[in-house]
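Let's take a walk through this protein together. We will begin with its empty spaces and work outward from there.

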Amino acid sequence: MDRATGRPGYRVEILPGADALPREEWERLAPADDPMWSRGVFTALEHSSVGPDGYACLVVRRDGETVAALPLCLFRGLRLDDVVGPRERRLLAPVRALAPRLLRVPMLFCGHLLGQGHVLAPGPLDDRAARLLVRGVLGFARREGLGTVVLKDFAAADLTPLRPALTRAGFFLAPGLPDTELRLGHASFEDWVAALPAKPRRNVRSKLRKFHARPGLRVEVLDDFAHLLPEVLALYRQVMARADQTLDVLDHDFLAALHAAREPRRRLVACFEGDRLVAFLLCLFRGSGAVGARIGLDYRLAHDARLYHVVHYEAIRLAIESGCAHIRFAQTAYEPKRELGCSLVEQRHAMTHVRPLNRAVLRQVLPRALAASVADALRPHRTPDADRARTAHPHGER
């Protein structure tokens with residue numbers, strides 16, 4: 001309590017990372033049904049070389065109690081051509097050839113590098129706490145020499161309590177790629193299939209028949225998959241080589257740390273041809289929520305064997321059997337996921353630059369460019385050749 005005013009006493013601290021926040025505080029603040037916000041995911045991030053040059057965690061305390069926490073990712077020189085879509089990458093190609101340093105941007109990402117953004121808090125922040133949090137983020141960015149600041153992939157409900165503070169601080173909104181979420185509530189996988197509309201139902205059964213008709217293919221759900229990590233990484237890299245954006249690329253250290261973590265609960269949906277791993281979907285669980293976090297495919301047979309679809313079907317089966325209320329999948333590859341009944345979860349970025357002139361330029365350019373990129377990702381591709389290519393090489397699937 002502030003003795004002079006009688007108001008609650010607030011202060012902001014910068015911790016060296018999520019691990020510095022006591023476990024009991026993390027569990028009290030983090031979303032109960034979002035596996036990506038399990039502490040083990042952040043510990044794995046901070047002990048790997050996924051992309052950022054450093055991590056921190058901003059906390060707001062009121063009378064000594066933590067009322068908000070916001071993880072931060074520091075990029076000293078983020079390559080813009082790694083995080084934009086293919087059209088923008090083509091436009092930037094001459095710049096990359098002539099002056100590649102111009103594409104290196106110091107940037108601070110706030111929230112979650114791999115999942116939906118949140119400010120960890122037991123409830124909506126009051127205006128004073130929100131102002132202190134936003135001010136603390138900008139002060140940290142200036143001290144670290146990081147000009148561009150992004151609250152990444154926040155749902156509207158999570159941004160609403162922050163909007164007045166963000167607006168006063170010069171932030172503007174830009175669209176992000178939506179997440180995909182499948183609501184569950186079926187007694188079994190077979191009940192879920194039976195509840196699909198006619199065409200998707202026929203497609204699920206047809207793809208499963210084609211998979212099972214190929215000799216030597218089988219699906220297993222594994223709790224212990226440490227021995228498969230080299231094969232997992234090799235398949236994951238095949239997918240990332242075809243991805244439109246590569247902000248984060250998981251490595252062996254991340255996967256090994258996540259495998260060894262106490263939480264979240266994780267399972268590997270693994271597809272084998274004989275003894276060789278040919279596809280996987282890494283699934284995480286927390287409370288009543290599940291997520292198909294990252295995928296890997298052997299493109300030698302991915303299309304003909306319907307591997308992409310089969311690992312997603314098995315993840316849905318696993319989530320239903322685990323009693324989950326919903327399962328989320330990665331951004332992009334929207335067409336096959338919408339056929340499964342997934343809804344789109346709108347997400348936005350709140351962005352600014354610590355320098356007014358740079359901020360004005362970004363405000364004019366980025367919302368329009370990102371809106372075009374989102375529209376392109378969501379646009380149906382109806383020709384047979386395009387459908388085949390996008391199923392075999394999911395757009396930006398990670």
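On a 1 Å grid over the protein atoms alone, a cavity is a set of points where a 1.4 Å probe fits but cannot get out, and its lining residues have an atom within 4 Å of a point. Grid points are joined across faces, edges and corners, and a volume is the space filled by probe spheres set on the points. This is a predicted model, in which local features need pLDDT of at least 70 and side-chain atom pairs count only at pLDDT 80 or more, while totals for chains, interfaces and linings use all residues. Residues are numbered from 1 along each chain as its sequence is written, and side-chain values use heavy atoms, with hydrogens and water left out.

How many cavities of 30 Å³ or more are there? The count comes to three, and the largest holds about 40 Å³ of space. Around the largest cavity you will find Met-36, Leu-114, Leu-250, Phe-254, Leu-258, Leu-282, Leu-284, Ala-293 and Arg-294. Eight residues of this lining are nonpolar, none is polar and one is charged (Ala, Val, Leu, Ile, Met, Phe, Trp, Tyr, Cys and Pro count as nonpolar, Asp, Glu, Lys and Arg as charged, and the others, Gly among them, as polar).

Phe-254 is a good guide to what comes next. The largest nonpolar core has 43 residues, and Phe-254 and Leu-268 have the most contacts inside it. Such a core is a set of buried Ala, Val, Leu, Ile, Met, Phe, Trp, Tyr and Cys residues joined through side-chain atoms within 4.5 Å; buried means under 20% relative accessible area, with a 1.4 Å probe and protein chains only. Beyond four places in sequence, Phe-254 is in contact (heavy atoms within 4.5 Å) with Val-41, Ala-44, Leu-45, Ser-48, Val-50 and Leu-114.

Val-41, Ala-44 and Leu-45 are among the buried residues of helix 2. Helices (H or I, at least four residues) and strands (E, at least two) are DSSP runs, numbered from the N terminus. Helix 2 (residues 39–46) is largely enclosed by the rest of the structure, because six of its eight residues are buried. Those buried residues pack against helix 1, strand 2, strand 3, helix 10 and strand 9.

Finally, a word on confidence. The chain averages a pLDDT (the predictor's confidence in each residue, from 0 to 100) of 89. Strand 9 has the highest mean of the elements, 98, and helix 14 the lowest, 40. Where pLDDT is low, the predicted coordinates should not be read in detail.

Note on methods
Buried means under 20% relative accessible area, exposed over 50%, partly exposed in between (1.4 Å probe, protein chains only). On a 1 Å grid over the protein atoms alone, a cavity is a set of points where a 1.4 Å probe fits but cannot get out, and a pocket is an open set with protein on both sides within 12 Å along at least five of seven lines; lining residues have an atom within 4 Å of a point.
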